[in-house]
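User: I should like to learn how to read the features of a protein model. Could you please guide me through an example?

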Amino acid sequence: MKDEEIKDVQKLSREVTDMRKEIDGLKEVLSGLIQVMMEHNDQFNDDEEYN
């Protein structure tokens, strides 16, 4: 491979690693939001329907 191609592959590898970290962070945020929503729904756990 040429030096330029190697640098491109290294750059893409870093970008993929960064994206994985961001996705892991988003997973944690979504997990927390889902937990809060479920706890909130438990407060209204009567037989009434909500729109």
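Analyst: The following dialogue takes up the overall fold, a charged pair, a surface patch and the chain start.

Analyst: This is a predicted model, in which local features need pLDDT of at least 70 and side-chain atom pairs count only at pLDDT 80 or more, while totals for chains, interfaces and linings use all residues. Residues are numbered from 1 along each chain as its sequence is written, and side-chain values use heavy atoms, with hydrogens and water left out.

User: How many helices and strands are there in the protein?

Analyst: Helices (H or I, at least four residues) and strands (E, at least two) are DSSP runs, numbered from the N terminus. Here the protein has one helix and zero strands.

User: What percentage of the residues is buried?

Analyst: Buried means under 20% relative accessible area, exposed over 50%, and partly exposed in between (1.4 Å probe, protein chains only). Of the 51 residues in the protein, 0% are buried.

User: Which residue forms a salt bridge with Asp24?

Analyst: Side chains of opposite charge can pair when their charged atoms come close. A salt bridge is a side-chain nitrogen of Lys or Arg within 4 Å of a carboxyl oxygen of Asp or Glu. The partner of Asp24 is Lys27, with the closest N and O atoms 4.0 Å apart. Both residues lie in helix α1, three residues apart, about one turn of the helix. Asp24 is partly exposed because its relative accessible area is 42%, whereas Lys27 counts as exposed at 52%. The whole structure holds one salt bridge.

User: Which residues form a nonpolar patch on the surface?

Analyst: Patches are made of residues with over 30% relative accessible area and no salt bridge; like charges are joined within 9 Å, nonpolar side chains (Val, Leu, Ile, Met, Phe, Trp, Tyr) within 5 Å. In this model, Val29, Leu30, Leu33, Ile34 and Met38 form such a nonpolar patch, with about 490 Å² of accessible area together (Shrake-Rupley method, 1.4 Å probe; for residues, only the protein chains shown count as cover). Ile34 belongs to helix α1, residues 3-43.

User: Why does Met1 count as exposed?

Analyst: Met1 counts as exposed because its relative accessibility is 75%. Met1 is in the segment before α1.
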